[in-house]
Amino acid sequence: MRYVLITALLISAPVFAGEVTGTAFYDGTVPQLKPLDMGADPKCAEHYAGKEEPANEVLVLGEGNTLGNVFVEIAAGLPEGKEYPVPEEPAVLTQSGCKYTPRVFGVRAGQKLRIENPDGTLHNVNAAPVKNTAFNRGMPPNVTDIEVVFDQPEGLFPFRCNVHTWMVAYCAVMSHPYFTVTGSDGTFTIPDLPAGKYTVKATHERLGSQETELDVPESGAAQAEFRFSRPSAK
Ligand SMILES: [Cu+2]
């Protein structure tokens, strides 16, 4: 009896807090996406010489049609008025290879976002937030990084480069640290959550948003699954 009890304690020992884990899937018809044609700018094309052609990342799927680039956040249920320290480290958005990486990301309100241009070509960064101030800044080859700060929390908004029309990224500005983005295997984990009832929201740049409510235990994971399909044509 004693042996069984000790085993159970050891197994549960590594988990000290609650978390939300889960997977996002794509249920629709999978379109044939052509690789990006960067021939318009030799500096961009050069980056891929002898390498795989750059994929169109509008739909990033893994085995079994798991869905990447889904922004997952705690949308409700956190204690009212609680403030969370803002990281001193900047978030980073690079334009390396004439693509924004990461394509989908979150920054904290008040956190610096460093935007890098290592490409030796002209990019311009056209950010279109609604609650924060929009901007459109040229980054010629000699401007290798700029820093911006968004002060107001808001949902995903686009960054585009008007020089390279295929370049797009989506940014959310968050008031708390409980958010993440799915990898191509569709999985996500939001760790270190206090026990409670939460609304978890998942957003894809083209496939919209979904919400689910769940109870996070004091120790262990609550599971969420999100299934996206193409909005029906009207
Ligand atoms: Cu560009």
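In the predicted model, Thr-23 is in contact with Thr-66, Asp-185, Gly-186, Thr-187, Phe-188, Ala-224, Glu-225 and Phe-226, neighbours within four places in sequence being left aside. Thr-23 belongs to strand 1, which covers residues 18-26. Glu-83, by contrast, is separated from Thr-23 by 60 residues in sequence and by 28 Å in space, C-alpha to C-alpha.

The domain assignment divides the chain into domain 1 (17-46 + 54-78 + 177-234) and domain 2 (88-175). A distance of 20 Å lies between the C-alpha centres of domain 1 and domain 2. Across the boundary, 17 residues of domain 1 are in contact with 18 residues of domain 2. The two domains bury about 1,600 Å² between them, and 67% of this area is on carbon and sulfur atoms. On the side of domain 1, the residues that lose the most area to domain 2 are Phe-71, Phe-179 and Glu-205, which together account for 31% of what that side buries.

Polar interactions also link the domains. Between domain 1 and domain 2 there are 2 salt bridges, and 5 residue pairs are in polar contact, both residues being at pLDDT 80 or more. Helix 2, strand 2 and strand 11 (179-181) each contribute at least two residues to the side of domain 1 that touches domain 2. Glu-205, already noted for the area it loses to domain 2, forms a salt bridge with Arg-103, in which the closest N and O atoms are 2.7 Å apart.

The largest nonpolar core comprises 28 residues, and Leu-113, Ile-115, Phe-150 and Phe-159 have the most contacts inside it. At least two residues of this core are supplied by each of strand 3 (91-94), strand 4 (104-108), strand 5 (112-116), strand 6 (123-127), strand 7 (135-139), strand 8 (145-149), strand 9 (154-160) and strand 10 (168-174). Strand 10 gives the most, with 3 residues. Because domain 1 and domain 2 both give residues to this core, it lies between them. A second, separate core has 25 residues, including Leu-59, Leu-207, Ala-224 and Phe-226. Of these, Ala-224 and Phe-226 also appear among the contacts of Thr-23. In soluble globular proteins, nonpolar side chains tend to be buried together.

The count of salt bridges comes to 6. The side chains of Glu-57 and Lys-99 meet in one of them, at 3.0 Å from N to O. Glu-57 is placed in the loop between helix 2 and strand 2, and Lys-99 in the loop between strand 3 and strand 4, so this pair ties together parts that are 42 residues apart in sequence. Glu-57 counts as partly exposed, at 23% relative accessibility, whereas Lys-99, at 17%, counts as buried.

A salt bridge also joins Arg-114 to Glu-116, the closest N and O atoms being 3.2 Å apart. Arg-114 is partly exposed, with a relative accessible area of 25%, and Glu-116 is likewise partly exposed, with 22%. The side chains of Lys-197 and Asp-215 meet in a further salt bridge, at 3.7 Å from N to O. Since Lys-197 lies in strand 13 (residues 196-204) and Asp-215 in strand 14 (residues 208-216), the pair ties together parts that are 18 residues apart in sequence. Lys-197 counts as exposed, at 54% relative accessibility. In addition, Asp-27, Glu-225 and Arg-227 are linked in a network of salt bridges; Glu-225 is also one of the residues in contact with Thr-23.

Several backbone features were identified in loops. A cis peptide bond, with omega of about 0°, joins Thr-101 and Pro-102. Pro-102 is located in the loop between strand 3 and strand 4, and Cys-98 is found in the loop between strand 3 and strand 4 as well. Although Cys-98 is not a glycine, its phi is positive, at about 55°. Cys-98 is buried, with 0% relative accessibility. Asn-65, also not a glycine, has a positive phi of about 55°. Asn-65 lies in the loop between helix 2 (42-46) and strand 2 (71-76) and is partly exposed, its relative accessible area being 27%.

Note on methods. Residues are numbered from 1 along each chain as its sequence is written. This is a predicted model: local features need pLDDT of at least 70, side-chain atom pairs count only at pLDDT 80 or more; totals for chains, interfaces and linings use all residues. Side-chain values use heavy atoms; hydrogens and water are left out. A nonpolar core is a set of buried Ala, Val, Leu, Ile, Met, Phe, Trp, Tyr and Cys residues joined through side-chain atoms within 4.5 Å. Buried means under 20% relative accessible area, exposed over 50%, partly exposed in between (1.4 Å probe, protein chains only). Helices (H or I, at least four residues) and strands (E, at least two) are DSSP runs, numbered from the N terminus. Domain bounds come from an automatic or database domain assignment. Contact means heavy atoms within 4.5 Å. Buried area is the accessible area (1.4 Å probe) that two parts lose on being put together, summed over both. A salt bridge is a side-chain nitrogen of Lys or Arg within 4 Å of a carboxyl oxygen of Asp or Glu. A polar contact is a pair of N or O atoms within 3.5 Å; within protein, one must be able to donate a hydrogen and the other to accept it, and residues adjacent in sequence count only if both atoms are side-chain atoms.
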